[in-house]
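Reader: Before any label is accepted, the reasoning behind it should be set out. Please take the terms one by one.

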Amino acid sequence: MRTFYETDIRRRTKVLAAFLAAWALVVAARLVQVQVLGHAKAKAAVLRQALDETPIEPRRGDILDRNGEILACSLPSPSVVARPVAGEKPEAIRSKVQALKRELGLTEKEAAVIRDRLAAGAAFTYVKRKVPEETAARVMGLKIAGVELEPGTRRYYPLGPLAAQVLGGINLTGESSRGIEYLYNKHLAGEKGRQISYQVNGRRDYQTRVIEPPVPGRDLVLTIDATVQYIAEKELARAVAEHGAAWGAVAVMDPPSGEVLAMASWPTYDPNDYPGPQEAWLNRPVGVSYEPGSTFKIITAAAARERGRVGFGEVFDCSAGSIRVANTVITDHEREHVLSFPQVLIKSSNVGTVLFAQRLTNPEFYETLRAFGIGAKTGIELPGEETGLLRPPDEWNRKVSLPHIAIGYEVMVSPLQMLRAMNVFATGGLLVRPRIVRDRAGEDSPKSAPARAISEKTSTDLVERVFEAVVEEGTAKGGRLDGYRVAGKTGTAKKVDPATGAYIREYRATFVGFTPVERPRLSMIVVLDSPKEHYYGGQACAPVFRDIARQVLRYLRVAPERPLPPTVLTAGREPGRAR
C-alpha cells in the first residue's frame, strides 16, 4: 500500500514530465518555424547584419632619391562613407547630408547624389575621399548615425613639383598613368586586405572585422639626386623664360654608371595636384623625338675617324658656303673658308661635314649609328620612351640621305638618346645604358654591361682635338667653365611645320657635353624648343649647361682640374662719404 508521500512524488514527477514534454514541443515548433518556415526571413536578416565585404587599402611604398630624400610617400587620409540606417526617415537623411555638406564643403550636386543613394538604400556611399585627419575627426565628432571612416592614405610629394614628370602622380582612387608611379605600381602598391562590416545597435551603427590584413608596398630608390634635380629645374625654368621658349628639357647623367642624376622638363606641375595641366605631362627628355641638327655630327665624325676615312690634318674648301647634293642645296650658317677637319666641327660647318661624310658608304654609316644606340630605346626604366627614327639603309635615298643624316636631318632622336651618344666619348668609347632606378626594396636594379661603340683611341682623339675646342674657341664658348675642361657640341635644327611638312624659320636649340674632361663626373644635354632671337644652341643652351654644371660640381665637391682665374677684389668708399 502506497504511502501519501509516494503518491505525491509520483504525481509531481508526472507533472514535471508533462511540462518538459510540452516545453520540448514548443522548442521543436519554434525551430521548425525559424529554420524551415522562417529560413528566408532569417537569411535576409543575417545578410542585412553582415552588410558587405570591402577591401583594405595597403600602405604604398615610398620613392626616395639616391641619398634617401623622400620624393613620394603616403600619409594617413581616411575617406568619409555613409551606410543606410534601418527605419531612417527622409527628413533625417536630408538633415544628415546637410550636416556633412557644411563640414566637408560638398557641392549641391555632390550632396544630392549622396542623399539619393541613401534614400534608395545603397549599401555603401563615399561622401568624400581622402580627407585630412583633422577633418575626419571633426566629422566623427558630429556622431551621425551610419557615417564612418574608411582607413586609407593619400599620396604626398614633400618636394612639390620636383621631378614631377619622372614621378608621375597618384589620383584619389589610387590610379596613375605616368612616370615611376605607373611603371612600378605593382611593386609600390602592395596587396589589398579584406574586411567585413556588421550592423549593430539595432542596425543603427556598424562594426568591421578584418578577414585578411593588407600587405604594404615596397620602397623604391631612384638614381635621381634631389639637389641636382633642383638645380637643373631652376636653371631650365630661367632659360625658358629668358628666351621665350615653348618648352625645355635637361638630363644630367653620371657617365661611367649611366645613372641619371636629374631629368627636368618645362612646363611642369605639382604631383600633389595630380594630374595637373595636360601640356605639362610629357617627360620630354625621353618622350619627345626631334631632328637633332649639328649635335649629330659627333657620330658622323666618329664613323669617319673609326674607319680612317679622314685625318686631323686634312682640309676642306667650305668657301662657297653651300654644297649641292643631287637636287638639294646644303648651306652653312656662316660662310667659312678652307677648314681643317677639326675646324669643320669646331665651327659646325655643314659643307665640310658633308664632304668627309660622303667618304662613308650607307651601310658603314648605319652600322655606326646603330652602335651609338640611334633608332632604339635606351632601356631606361620609364614609361613613354620614344624610339626615335632611323630608317634602314635600303630605304635611304642613295644620293641625299647620307649627307642629310650626317648633319642631323632625316633622323630623329630623344634628348636622352643624344646624351647617351655623347656619353660614349665620356666613357672612352662605351655605350652605357641609362638607369633611373637604383634599388628596389633592397634589390639592386639589374645592370647590363656596356657595349663598345668605337675604339678608345677614336674617342680620346675626338674629345681632345675637337670637342674640347668646340667649347674653348668654337660655337659653344658660352659653355666654358672656370677651373674645368668641357667637351661638347652645339646644335640648331630647323623645325618642320606639321601642317605643310616644310621647314620653317623656327628652331630647336641643343647643347650636349660633359665635364671634367680628364675624369668626367657629369654629362648633360640641354634642349630649348623655339627660343626667340638668340636661338643658336651655343647662345641659348651652352650657358644653361655652364650654370648647372658649376653648381653641381661644387655640390659634388669635384676639385678643379685646372687653375681658377684670379679673383680681383676692389675696395672703395661710398659716394658722399669722407675717407
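**Labels and their grounds**

Author: Leaving aside residues up to four places away in sequence, Asn283 touches Gln165, Val166, Met263, Ser265 and Leu382. The model is a predicted one. Asn283 itself belongs to the loop between β12 and α10 (284-287).

Reader: Why is Asn283 called buried?

Author: The relative accessible area of Asn283 is 8%. Buried means under 20%, and therefore Asn283, at 8%, is classed as buried.

Reader: Why does Trp23 count as exposed?

Author: Trp23 has 53% relative accessibility. The cut-off for exposed is over 50%, so Trp23 at 53% counts as exposed. Its place is in helix α1 (residues 4-37).

Reader: What makes the nonpolar surface patch that includes Trp23?

Author: Leu16, Phe19, Leu20, Trp23, Val27 and Leu31 make this patch, which has an area of about 620 Å². Membership requires over 30% relative accessible area; Trp23, at 53%, therefore meets that requirement.

Reader: Why is helix α11 described as mostly covered?

Author: In α11 (residues 297-306), 9 of the 10 residues are buried. These are Lys297, Ile298, Ile299, Thr300, Ala301, Ala302, Ala303, Ala304 and Arg305. Each of these residues is therefore under 20% relative accessible area. After α11 comes Gly308, with a positive phi near 65°.

Reader: How do you know that both faces of strand β4 are covered?

Author: Strand β4 comprises residues 79-82. Ser79 and Val81 lie on one side, Val80 and Ala82 lie on the other, and all are buried.

Reader: What makes β4 a paired strand, and with which strands does β4 pair?

Author: Two strands pair if at least two bridges are found between them. β4 is joined to strand β6 (residues 147-150) by 4 bridges, and to strand β5 (residues 125-128) by 3 bridges. Both counts satisfy the criterion, and therefore β4 pairs with β6 and with β5. The sense is antiparallel with β6 and antiparallel with β5. Within β6, Ser79 has Glu150 as bridge partner, and Ala82 has Val147. In β5, Thr125 stands opposite Ala82.

Reader: Which strands of the open sheet of 3 strands are edge strands, and what makes them so?

Author: The order is β5-β4-β6, with antiparallel pairing. β5 and β6 are the edge strands, as each pairs on one side only. Neighbouring strands are turned by 40° against each other on average, direction ignored. Helix α3 (residues 90-104) lies across β4, β5 and β6, at about 40° to β5.

Reader: Where do the edge strands lie in the open sheet of 5 strands?

Author: That sheet runs in the order β12-β11-β23-β22-β21 and its pairing is antiparallel. Its edge strands are β12 (260-266) and β21 (487-496), each pairing on one side only. From one strand to the next, the twist averages 10°.

Reader: How do you know that β21 and β22 pair?

Author: Between β21 and β22 (residues 503-515) there are 10 bridges, in the antiparallel sense. At least two are required, so 10 bridges establish the pairing. One of the contacts is that of Ala487, whose bridge partner in β22 is Phe514.

Reader: Which helix lies across β11, β22 and β23?

Author: Helix α19 (residues 542-555) lies across β11 (247-253), β22 and β23 (522-529) and runs at about 145° to β23.

Definitions and conventions. Residues numbered from 1 in each chain as written. Predicted model: local features only at pLDDT ≥ 70, side-chain atom pairs only at ≥ 80, totals over all residues. Heavy atoms only, no water. Helix = DSSP H or I, 4+ residues; strand = E, 2+ residues; numbered from the N terminus. Axes fitted to C-alpha atoms, helices over the stretch in contact; angles between N-to-C directions. Contact = heavy atoms within 4.5 Å. Buried < 20%, exposed > 50% of the residue type's maximum accessible area, 1.4 Å probe, protein only. Patch = residues over 30% accessible without salt bridge, like charges linked within 9 Å, V, L, I, M, F, W, Y side chains within 5 Å. Areas by Shrake-Rupley, 256 points an atom, 1.4 Å probe, with all protein chains shown as cover. Salt bridge = Lys/Arg side-chain N within 4 Å of Asp/Glu carboxyl O.
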